[in-house]
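Dear colleague,

I am passing on the structure below, together with some notes on what was found in it. Please read the notes with the coordinates open beside you.

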Protein chains: 2
Amino acid sequence: MDVETVLHMKGGLGETSYAQNSSIQKKFTDGMKHVVIDAAIDAYLSETPRCFKMADLGCSSGTNALSLIGDIVNAIDERCHEKTRQVPQFMVFLNDLPGNDFNSIFISFSDFGSRLKNVRRRDEFHSVFMAGVPGSFYGRLFPSNSLHFIHSSHSLHWLSQVPPGIFNEEGKSMNSRKIYISKTSPPSIAKAYHQQFQKDFGSFLKSRSEELVSEGRMALIMSGRDTKEPCNKMTTLLWELLARSLSIMVAQGEIGGEDLELYNAPFYGPSLREIEYEVLREGSFTVEYLKIFKDKVGSGDAKKDGAALATAIRAIQESMLCHYIGREAIDRLFHIYSELLSEVMQKEEIMAVYAIVVLRRSP
Amino acid sequence: MDVETVLHMKGGLGETSYAQNSSIQKKFTDGMKHVVIDAAIDAYLSETPRCFKMADLGCSSGTNALSLIGDIVNAIDERCHEKTRQVPQFMVFLNDLPGNDFNSIFISFSDFGSRLKNVRRRDEFHSVFMAGVPGSFYGRLFPSNSLHFIHSSHSLHWLSQVPPGIFNEEGKSMNSRKIYISKTSPPSIAKAYHQQFQKDFGSFLKSRSEELVSEGRMALIMSGRDTKEPCNKMTTLLWELLARSLSIMVAQGEIGGEDLELYNAPFYGPSLREIEYEVLREGSFTVEYLKIFKDKVGSGDAKKDGAALATAIRAIQESMLCHYIGREAIDRLFHIYSELLSEVMQKEEIMAVYAIVVLRRSP
């Protein structure tokens with residue numbers, strides 16, 4: 001599977017779209033957004049450019065991205081007002097893979113523009129210009145020294161590919177019917193995943209270091225873990241249950257087992273130490289902030305929460321799973337998954353774990 | 001009708017899409033592209049920036065836009081090679097109204113990138129970065145002083161709205177069932193169209209003058225006419241025949257006449273003098289090149305040519321006409337239109353008339 005071609009959040013505004021099912025991501029972004037906004041203000045104050053240029057990498061097609069951008073624009077606006085300094089113009093680049101539904105973001109731009117104007121307090125000239133940039137953030141996306149601030153939420157845990165190291169010489173998965181690092185996975189699996197993360201995150205840092213101006217800031221929020229061990233229950237549980245749902249369908253003859261042998265999630269939830277190590281190794285950035293955030297998922301109603309979580313994961317995973325098991329089997333798969341999730345949530349709390357890191361481009 | 005919301009070339013890659021039906025535009029762009037490329041080289045040489053920033057305004061969703069951009073990149077690359085100067089990076093902004101099918105352009109970016117690399121002769125670092133910018137070019141789209149070169153092909157003849165001056169106090173069209181300036185139109189119609197062109201083209205020039213760096217260049221290709229009179233057969237014939245097709249459907253009771261009273265094309269084909277007058281009036285640009293290009297449309301096979309031309313006009317007009325006569329009536333309308341076109345093309349040549357203008361931003 002070519003992840004760059006296949007991976008995208010479910011487009012449009014329908015019931016199973018990412019736009020309608022990204023409230024979990026929004027809740028976390030809201031909880032951490034002061035860190036992101038502060039980093040953006042720092043980036044602005046370092047250079048006080050006449051046009052502040054920022055990028056949201058992996059913006060997807062919901063309203064989360066535009067909401068945070070609105071907050072950043074308003075915060076910088078306010079700061080300039082306090083200091084009786086002229087408000088800059090803003091150039092905002094929204095990036096995601098080419099298969100992302102950019103059309104629906106673009107149609108919402110005009111609403112966003114008018115909403116922004118309503119919250120401004122004065123008439124002095126300032127403007128927010130927007131552009132969409134399709135492409136993988138594991139390569140270059142922008143000209144050299146062209147950005148002051150980069151933000152990425154809920155995207156960097158997606159690897160550029162399924163780690164090649166999990167397959168044996170015959171091209172078969174050595175991950176014993178699991179789809180991510182699991183207790184029953186041989187140690188080579190965790191190693192393969194970690195190596196892929198190192199390669200990808202290293203490429204990400206290198207590309208961004210060329211695109212950011214000196215003293216530019218980068219605020220990243222991604223799935224992570226608070227343990228040294230790669231197999232951490234909180235990070236892996238959702239994948240365990242998805243693997244179990246797939247196994248149930250194989251056992252009942254609803255899907256073939258062979259194709260599935262090829263499917264492993266192109267995902268990695270790093271520890272803070274792993275993140276820090278790559279930053280040091282790449283060498284262009286200093287760490288300004290590095291922390292794990294945890295919060296429980298759900299409202300307490302296990303049946304409802306299981307269904308909501310299943311739909312949320314579906315909006316993220318559907319494009320990739322379709323590639324393996326076909327479009328017809330998707331409804332059934334997520335029905336089983338929803339039931340397994342509800343079952344678990346009746347017994348215990350499911351926690352979401354995110355790493356947040358703010359980096360400063362060294363001069 | 002809110003033109004900004006409704007107008008867009010037909011998206012996707014289907015049989016009636018703009019992508020499949022823009023060969024007439026391509027033929028003209030090919031004929032005039034040396035003028036555009038020379039203007040881009042001049043813009044580059046004026047400042048020799050490390051990153052050359054250019055925009056295609058009204059790019060639509062076919063391959064025409066990317067093809068010309070490839071030519072510009074290669075021409076500047078070659079010029080740098082001759083002068084043993086380092087090739088710049090390129091930042092390309094593709095703009096169109098928010099309803100345009102950006103998704104299909106974005107998916108073709110990666111092909112474009114690889115095609116470009118194949119024609120390069122050496123490995124030295126240079127890159128072409130791309131972004132999509134949704135919005136009306138009758139307002140601001142980019143930060144101040146942020147572009148070196150602006151190009152627009154086959155878009156500026158679209159007005160921001162149907163001229164309000166063609167309606168009487170009861171809101172009825174005074175254009176006697178015509179949909180553009182016609183021999184039977186009262187003089188107030190041509191005046192209303194000309195005023196709307198002045199307002200729109202003036203806003204266009206003002207916005208661009210703020211976005212272009214000093215000495216930046218702008219190359220514009222749009223429908224035009226080579227006569228002083230606003231009713232010029234070559235510019236108006238296609239609209240005459242479309243109006244006649246609509247009248248046939250009204251006469252046969254296939255569509256209602258009332259709604260149609262509201263439909264006039266938000267289009268204007270200016271003369272060179274009218275273009276020049278607005279440039280002088282706005283005051284930020286000097287004219288470097290100004291010319292009318294004419295070429296016959298079609299291969300000589302009237303039946304085939306009529307059908308091809310009808311499909312081409314359909315790709316452009318479908319979104320607006322649907323708004324008035326409904327989606328069901330469209331096939332029938334363009335069937336009648338195709339026959340009328342073939343009939344005319346059997347008797348005479350249809351010419352397409354374009355104005356091309358190159359402007360330089362004064363220091």
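The contact between the chains, counted where heavy atoms lie within 4.5 Å, draws 25 residues from chain A and 25 residues from chain B. This is a predicted model, in which local features need pLDDT of at least 70 and side-chain atom pairs count only at pLDDT 80 or more, while totals for chains, interfaces and linings use all residues. Residues are numbered from 1 along each chain as written, chains are lettered from A in the order of writing, and side-chain values use heavy atoms, without hydrogens and water.

Chain A and chain B bury about 1900 Å² between them, 65% of it on carbon and sulfur atoms, where buried area is the accessible area (1.4 Å probe) lost on putting the two together, summed over both. Across this interface there are 0 salt bridges (a side-chain nitrogen of Lys or Arg within 4 Å of a carboxyl oxygen of Asp or Glu).

In chain B, helix H8 (residues 272–282; helices are DSSP runs of H or I, at least four residues, and strands runs of E, at least two, numbered from the N terminus) has B:Glu274, B:Ile275, B:Glu278 and B:Val279 as its buried residues (under 20% relative accessible area, with exposed over 50% and partly exposed in between, 1.4 Å probe, protein chains only). Because they cover an arc of only 135° around the axis, taken from the directions from the axis to the C-beta atoms, they lie on the same side of H8(B). The face turned away from that side carries the exposed B:Arg273, B:Leu280 and B:Arg281.

Best regards
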